[in-house]
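My notebook is open, and I have a few things to look up today. I'll start with the core and work outwards from there.

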Amino acid sequence: MLRPLRRLWRPPRRAAATGPGRRLLLSTPIFYANGPPHIGHLYSALLADALHRHHRLRGAGPGRLSTGTDEHGLKIQQAAAAAGTTPPELCDRVSRLFHQALTHAAVSFTDFTRTSEPRHQRAVRHFWGALRDGGALYKGSYEGWYCTPEECFLPESQVAERRDAQGRPCKVSLETGHQVHWTKEENYMFRLSAFQDQLRKWLQDNPQAISPQPFYQRVLHWLEEDLPDLSVSRESSRLQWGIPVPSDSTQTIYVWVDALVNYLSVVGYPETHGEWWPAVHHVVGKDILKFHAVYWPALLMAAGLAPPERILVHSHWTVRGQKMSKSLGNVIDPFACTGQYTVDGFRYFLLRQGVPERDCDYYDEKVVKVVNSELADALGGLLNRSTALSINPSNTYPCFSESCFPKVLDYRETKGMGRASAEDYEFVASVASLPLQVANYFEGFQIYKALECITLCVRQTNSFFQRHRPWKLNRKDPAEQLWLDTIIHVTLECLRVYGTLLQPVIPHIADRLLSRLAVEPEERGLSSLTFLARYNGKSCPFEGRQLGPDTGILFHRLEKSRQPQIETKKL
């Protein structure tokens, strides 16, 4: 007989705080420790990292970025046996690889959680107790198609019949193609069905809870279908490598319940989590959407906690049109890629080309083309040309002339009003609006669109510089010198804006660019970012300032890779 639910979550009367001083936890999934990292893992981490860096640069309040490794479950148990080692030894090696890969890629995580840690296991046991005490668990017989690689049961509708490598008939997951096996166990069940209406209301009241929109609609669709109760434990005889169910050593807590609680354990659950929860944004791949957007919010509600504020979902990377797969030998190694294309070059490529709503395709030639065109040629070339001693022999941030570039109400009425053309006014207006555009795209989880806007403005600045040919102007003519200084001033102001806005994506290149322009660390925040202050009748703190040291080419052009960056790391 089912115990009645004692605790039902109620939405808070007041919305979560926004604006300055607001805390925010960004999280990646914790990555499964049965194999080394690939670019799909890195993409998740870079999306979260860019959002975290952007939050910090806005001065919006305290922020944290959590990541880590998911170290329990049948897959780990089997992978360790296949590698001739123990689960703890395998997890130590793989977790170290993930920590190294993320650190090497300049992911600015503040917390790295391992589910084998005592602090996490303590949080899981407490969370289980909250579910049990609230009447959300019961013991029952469960049978169905179990997929070990995905660590979950699948309904009949998600299973198809195929033939294995030996030609024998077998059942596989429709979504992933992984083989499934019929399993019957006595497990603890979570009363997921009891939360269907609450989940639906939560999403209807919070249309930004899941982004992008297609994934929000997908979850709403799931919630219109039957939502069967969820098996949340496995028999210990089948699964030893995990956290035992409190007071029942015959059962092991289901790996996904264990893993999801990392978002609470990292903020001090059960004692101090209230300082951060629920001001949390989860960045997850579309393959784990149901776990994060259906199971996790329901589990939280059952434990008396609010769902996370936002779930930001991204799609996958294919390789030359094919899904990444060990069997195909096309798994891309992030260590090799950052070595070949530089850390910032590869960060830029993934965030510039990755579109969360759809799968994106990787191939080496595309990386070289994008990075050379946009970082080496457009951005680096612009900095090099505008700071060259032949153009700017004083090596200073020159003065802006209001007589050459007067402020106008309608840029179409500029004839006889200075040296700037209508096209120049249009270009300056585009750059002036860029910081707000970029902020909105980051808020909307469209980092690729933010980079697209920046790239367009960089091209416009190059056109402005080329159009007026400052190298042709006569410095001995005072009027020409004023216009020359104004051209360089406008160009450097644009570069300062681009360098500031690009810090979350390419931190090393942005730092070199801003240092070359003599922009001090305390002048690099987003909240105080201004553009062409003199054009608006205000003083410019950079005017007349000596530029920073010339450290050479901002970004060296990449050579075409001679071989694909295939994963070779051994466990």
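I looked first at the largest nonpolar core of this predicted model. It holds 180 residues, and Phe127, Phe190, Tyr362 and Tyr498 touch the most other members. Why does this core lie between two domains? Domain 1 (24-133 + 200-224 + 254-362) and domain 2 (366-546) both give residues to the core, so it sits between them. A handy reminder for my margin: nonpolar side chains tend to be buried together in soluble globular proteins.

Next I picked Tyr498 and asked which residues it contacts, leaving aside neighbours within four places in sequence. I found Leu379, Phe427, Val431 and Leu434, along with Ile454, Cys457, Val458 and Thr461.

I then checked the UniProt record. Its unreviewed entry places "domain: Methionyl-tRNA synthetase anticodon-binding" at residues 422-520. In the model, that span is 79% helix and 0% strand, and its end C-alpha atoms lie 33 Å apart.

On to how the two domains meet. The C-alpha centres of domain 1 and domain 2 are 37 Å apart. Their contact takes 33 residues from domain 1 and 28 residues from domain 2. About 2800 Å² is buried between them, with carbon and sulfur atoms giving 69% of that area. From the domain 1 side, I noted Leu57, Tyr348 and Arg352: they supply 27% of the area that domain 1 buries against domain 2, more than any other three residues.

Last, I checked confidence. The protein averages a pLDDT of 91, and 93% of the residues score at least 70. I flagged residues 13-19, where the pLDDT is below 50. That stretch has 3 contacts in the model beyond near neighbours in sequence.

Note on methods. Residues are numbered from 1 along each chain as its sequence is written. This is a predicted model: local features need pLDDT of at least 70, side-chain atom pairs count only at pLDDT 80 or more; totals for chains, interfaces and linings use all residues. Side-chain values use heavy atoms; hydrogens and water are left out. A nonpolar core is a set of buried Ala, Val, Leu, Ile, Met, Phe, Trp, Tyr and Cys residues joined through side-chain atoms within 4.5 Å. Buried means under 20% relative accessible area, exposed over 50%, partly exposed in between (1.4 Å probe, protein chains only). Domain bounds come from an automatic or database domain assignment. Contact means heavy atoms within 4.5 Å. UniProt positions are given in the numbering used here, feature names are shortened, and annotations may be inferred rather than shown by experiment. Helices (H or I, at least four residues) and strands (E, at least two) are DSSP runs, numbered from the N terminus. pLDDT is the predictor's confidence in each residue, from 0 to 100. Buried area is the accessible area (1.4 Å probe) that two parts lose on being put together, summed over both.
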